[in-house]
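Q: Please take a close look at one part of this predicted model. I would like a connected account of how its strands are arranged, with the helices that lie against them where that helps.

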Amino acid sequence: MATTQRHDVKDLALAAEGVRRIEWADRQMPVLAAIRDRFEREKPLDGYRVSSCLHVTTETANLMRTLKAGGADVVLCASNPLSTQDDVAAALVDRYGIATFAIKGEDNDTYYSHLEAAIDHRPQITMDDGADVIGILHSARREQLGDVIAGTEETTTGVIRLRALEADGKLGFPVVAVNEARTKHLFDNRYGTGQSTVDGIIRATNVLLAGRVFVVAGYGWCGRGVAMRAKGMGAHVVVTEVDPMPAIEAVMDGFQVMPMIEAAKIADIIVTATGDKSVVAKHHFEVLKDGAILANTGHFNVEIEIPALRAMATDTRVAREFVEEFTFADGRRVYLLADGRLVNLSAAEGHPAQVMDMSFANQALSAEYIVANATELERKVYVVPKEIDDEIARLKLGTMGIEIDQLTEEQAKYLASWDEGT
């Protein structure tokens with residue numbers, strides 16, 4: 001039975017401003033808009049209950065509008081306590097009729113009560129950004145697993161967790177790894193995370209990046225994007241890695257690579273982007289320079305060992321909004337941004353709408369794919385079908401006014417034939 005409480009947001013009076021910003025983002029999201037128009041006509045999700053745990057931003061609002069246009073009964077909760085845009089949450093409830101449970105800065109108890117509200121909706125489709133809804137369904141709410149035909153997951157961190165669950169034979173329903181779509185990770189993770197992370201750091205601190213030693217922990221697609229943007233602003237970028245393959249890629253891309261313990265000694269700014277825990281830990285804090293800035297752009301706030309940081313500090317204070325100052329016994333001061341949570345969404349607005357256009361097109365089309373193929377899907381993690389990926393790329397190019405060549409029949413035959421290819 002669907003949840004009876006239809007919302008918990010900060011202030012419905014903020015709705016008008018939220019609508020303005022949602023409409024602004026919508027103008028930058030033509031692919032999702034085209035899908036929404038088709039969904040409105042065809043209703044591919046008609047009657048399906050969807051519980052979404054995503055960052056409550058203007059871009060997410062347009063995804064929710066698209067799912068609703070497709071006939072889905074949607075509930076949305078926040079996937080991060082600091083990423084919610086309160087005016088957007090108000091608009092979703094007041095103007096778009098979408099049940100929303102999200103308040104910026106909500107405490108842990110409220111955060112988990114909002115997750116429970118989304119699960120009380122008894123979803124048939126889950127849509128996660130960090131596998132929180134799926135995690136609760138697989139632990140405290142296992143009796144509901146049979147209701148779910150499939151889910152989607154949008155983060156690297158979440159996909160890692162779900163693949164581990166699949167490997168143990170414990171995945172309760174199929175999941176489409178939206179994060180693995182090429183039109184997601186090659187663009188959202190690299191260009192979106194790269195720009196928005198640097199934006200969040202600058203908004204929070206107003207520091208000049210040029211000439212600074214900027215350490216990026218992890219050289220996956222998110223780390224690549226952050227390193228690229230920091231370098232473009234004149235920073236001296238250092239990369240730390242545990243995997244030899246991306247490490248040598250970073251070297252070939254022109255970055256200095258070293259262990260974190262060495263990087264910490266020279267760092268002006270450290271950004272973690274690994275999906276792992278304690279990437280910057282007590283022994284690193286002990287060698288940090290006075291004035292070093294710590295930030296995280298991975299999904300969970302465990303990449304920086306915050307309990308150890310607090311234990312080492314003799315004094316703490318809020319230096320600026322989203323900036324906490326830690327003073328050590330020897331007088332050094334270290335600055336933690338956004339409580340170690342996603343700095344791009346906590347201190348800024350997250351990814352630009354243009355790049356989220358492709359990511360959320362993947363979400364919408366993956367939901368449609370789930371409904372159309374539910375009886376054939378097994379309990380495992382699937383990648384987004386190539387046909388969806390290619391269609392989104394084609395639509396995006398079209399909205400940009402860009403044409404590309406097409407294979408001739410002769411060329412296609414040559415590429416497909418062993419005889420022709422010799």
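A: In this predicted model, an open sheet of 8 strands follows the order β1-β4-β3-β2-β5-β6-β7-β16, and the pairing is parallel. At the edges stand β1 (7-8) and β16 (381-383), and because each has a single partner strand, one side of each is left without a neighbour in the sheet. The partner of β16 is β7 (residues 175-177), to which β16 is joined by 3 bridges with the two strands running parallel, and within this pair Val176 has Tyr382 of β16 as its bridge partner.

Two helices can be placed against this sheet. Helix α3 (residues 58-69) lies across β2 (49-54), β3 (73-78) and β5 (125-128), and its direction makes an angle of about 175 degrees with β2. Helix α5 (residues 108-120) lies across β1, β2, β3 and β4 (99-101), running at about 165 degrees to β3.

A further open sheet of 8 strands has the order β10-β9-β8-β11-β12-β15-β14-β13, here with mixed pairing; its edge strands are β10 (256-257) and β13, each of which pairs on one side only. The parallel part of this mixture includes β8 (residues 213-217) and β11 (residues 269-272), which pair over 4 bridges, with Ile269 in β11 as the bridge partner of Phe214.

The antiparallel part includes the pairing of β13 (residues 315-320) with β14, over 5 bridges, where Arg320 is matched with Val323 of β14. These two strands form a hairpin with 2 residues between them, and in the turn Phe322 has a positive phi of about 70 degrees. On to β15 (residues 333-337), β14 again pairs in the antiparallel sense over 5 bridges, and here the bridge partner of Glu325 is Tyr335 in β15. This hairpin has 5 residues between its strands, with Gly331 in the turn at a positive phi of about 95 degrees.

Strand β14 (residues 323-327) thus takes part in both hairpins, and 5 of its 5 residues are buried. In a regular strand the side chains alternate between the two faces of the sheet. In β14 both faces are covered, with Val323, Glu325 and Thr327 buried on one side and Glu324 and Phe326 buried on the other. Val323 and Glu325, on one side of the strand, are also residues named in the bridges above, Val323 with Arg320 and Glu325 with Tyr335.

Terms used:
Residues numbered from 1 in each chain as written. Predicted model: local features only at pLDDT ≥ 70, side-chain atom pairs only at ≥ 80, totals over all residues. Heavy atoms only, no water. Pairing = 2+ DSSP bridges. Contact = heavy atoms within 4.5 Å. Axes fitted to C-alpha atoms, helices over the stretch in contact; angles between N-to-C directions. Buried < 20%, exposed > 50% of the residue type's maximum accessible area, 1.4 Å probe, protein only.
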